[in-house]
Amino acid sequence: MAVTTHALDWAHPLVRDWFVDRFGSPTEPQEQGWPHIVAGRDVLISAPTGSGKTLAAFLACIDRLVRQGIEGPLPDHVTVLYVSPLKALGNDIHKNLEIPLLGILDLAVRSGMDLPEICTAVRSGDTLAPERRAMLKKPPQILVTTPESLYILLTAAKSRAILQHVETVIVDEIHAVADDKRGAHLALSLERLDALVQGANPGRRPAVRIGLSATQNPIEEVARYLAGSERDLPVIVDVGNRRAMDLAVEVPAGELGPVASEEMWGDVYNRIAELALEHRSTLVFVNTRRLVERLAHHLAERVGEEAVAAHHGSLSRKLRLAAEKRLKSGEARVMVATASLELGIDIGMVDLVCQISSPRSIGVALQRIGRAGHWRGAVPKGRLFAMT
């Protein structure tokens with residue numbers, strides 16, 4: 001407990017007590033990252049999936065808001081901006097933020113402290129118009145968004161106004177955007193945000209940037225991307241991405257060729273159904289939306305329609321959220337998905353990940369298999385199905 005107390009010396013007693021009661025002790029990225037984040041430095045954290053990176057970034061921000069709320073009214077603008085490459089990941093982070101915020105608020109009530117509610121909101125392509133208007137009228141202290149929605153927020157006067165006092169920007173799964181056009185687009189938005197903040201607060205340093213990912217390589221290049229054009233390189237907290245895994249390759253009974261036969265696909269359907277029945281929850285990754293529908297259909301015939309869910313980017317927001325909820329609740333035993341569930345989304349206790357055909361890169365394979373055992377101390381379990 002002495003180590004835990006020392007690692008959280010910076011935290012308000014409410015924040016510290018909530019964390020210790022829920023987790024006991026901090027993880028390595030949390031212990032190494034907090035001193036730099038609390039000191040207001042730009043930080044890039046690279047750590048395995050399920051090691052508490054996101055909470056490492058958020059807890060210091062929550063602590064600052066708790067102190068502000070106890071001393072006086074909370075700011076009526078966004079102070080923490082979280083940018084996620086996936087809408088589903090943003091929705092998930094928003095829900096998971098409620099756990100520490102409500103837990104700390106409950107502790108404050110029991111301690112007789114007057115702590116106002118810290119508000120969070122999501123702004124993405126899925127956000128309904130009434131929710132967008134409400135956000136502008138009563139801005140949250142923590143805003144969860146996507147690169148594309150951040151660009152839109154920076155173009156309109158009313159939405160720019162709620163962003164002009166941002167103190168911290170968290171870029172999650174930074175590897176997913178750093179090397180493509182979305183990344184270039186986000187880099188431009190981050191520089192525009194800096195100009196907005198400094199224009200509204202002359203003499204104040206721009207918002208602190210915190211980057212998070214499990215599969216950054218080369219990490220120095222990702223650090224340069226996070227720094228942008230004017231800043232020094234961020235502090236790099238690299239605890240590695242090596243993690244014990246339970247891996248195996250599954251090969252259909254027939255001889256492999258350039259194209260998988262129907263008999264081979266039948267073997268795969270049967271084997272995945274068998275594995276799904278052996279585990280509480282199974283996540284199956286495929287490379288196309290069409291294959292999601294096909295695989296979900298055949299698995300439903302084998303394990304029951306209610307036990308199978310599908311998830312991909314062409315589904316409506318309502319259907320995607322319903323599928324995620326079914327998997328989390330245990331109603332669906334197997335979820336078939338594309339990259340829409342690849343990143344750090346908390347979709348409950350997934351026991352097994354199956355990858356059909358090549359994931360196209362080792363980084364993607366690690367990311368997807370890391371969806372299994374996505375809790376502290378667990379060992380991710382993955383099965384790779386060779387089709388050709």
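Here is a walk through the model, stop by stop, with what to select and what to look for.

Before you click, note that this is a predicted model, in which local features need pLDDT of at least 70, side-chain atom pairs count only at pLDDT 80 or more, and totals for chains, interfaces and linings use all residues. Residues are numbered from 1 along each chain as its sequence is written, and side-chain values use heavy atoms, with hydrogens and water left out.

**Stop 1: the seven-stranded sheet**

Switch to cartoon and pick out the open sheet whose seven strands run in the order S3-S4-S2-S5-S6-S1-S7, with parallel pairing. Helices (H or I, at least four residues) and strands (E, at least two) are DSSP runs, numbered from the N terminus, and two strands pair if DSSP finds at least two bridges between them. Now select 120-123 and 235-238: these are S3 and S7, the edge strands, each with a single partner, so one side of each has no neighbour in the sheet. From one strand to the next the twist averages 15 degrees; axes here are lines fitted to C-alpha atoms, for helices over the stretch in contact, and angles run from 0 to 180 degrees between N-to-C directions.

Zoom in on S1 (residues 43-46) and S6 (residues 208-213), which pair in the parallel sense over four bridges. Click Ile45 and look across to S6, where its bridge partner is Leu212.

Next, select helix H4 (residues 53-71). H4 lies across S1, S2 (80-83), S4 (142-145), S5 (168-171) and S6, and runs at about 160 degrees to S2. Contact means heavy atoms within 4.5 Å.

**Stop 2: salt bridges around this sheet**

There are 17 salt bridges in the structure, each being a side-chain nitrogen of Lys or Arg within 4 Å of a carboxyl oxygen of Asp or Glu. Show Arg205 and Asp42 as sticks: their salt bridge has its closest N and O atoms 3.6 Å apart. Arg205 sits in the loop between helix H10 (181-200) and S6, and Asp42 in the loop between helix H3 (28-38) and S1, so this pair ties together parts 163 residues apart in sequence. Asp42 is buried at a relative accessible area of 11%, while Arg205 is partly exposed at 43%. Buried means under 20% relative accessible area, exposed over 50%, and partly exposed in between (1.4 Å probe, protein chains only).

Go on to Glu191 and Arg209, whose side chains form a salt bridge of 3.3 Å, N to O. Glu191 belongs to helix H10 and Arg209 to strand S6, so the pair ties together parts 18 residues apart in sequence. Arg209 is buried, with 2% relative accessibility, and Glu191 is partly exposed, with 24%. Add Asp194 and Arg231 to your selection and you have the whole network of linked salt bridges: Asp42, Glu191, Asp194, Arg205, Arg209 and Arg231.

Back on H4, select Arg64 and find its salt bridge to Glu167 (2.8 Å, N to O). This pair links distant parts of the chain, with Arg64 in helix H4 and Glu167 in the loop between helix H8 (157-163) and S5, 103 residues apart. Arg64 is partly exposed at 26%, and Glu167 is partly exposed at 26% too.

**Stop 3: the six-stranded sheet**

Move to the open sheet of six strands, S8-S13-S12-S9-S11-S10, again with parallel pairing. The edges are S8 and S10 (308-311), each with a single partner strand, so one side of each is left without a neighbour in the sheet. On average, neighbouring strands of this sheet are turned by 20 degrees against each other, direction ignored. S8 and S13 (residues 381-385) pair in the parallel sense over five bridges, and Glu250 stands opposite Phe385 in S13.

**Stop 4: a loop with positive phi**

Finish in the loop between S12 (352-356) and helix H15 (362-369), where you'll find Ser357. Ser357 has a phi near 65 degrees, positive in a residue other than glycine, and is partly exposed at 28% relative accessibility. Then click Arg360, found in the loop between S12 and H15. Its phi is also positive, about 80 degrees, although Arg360 is not a glycine, and at 65% relative accessibility Arg360 counts as exposed.
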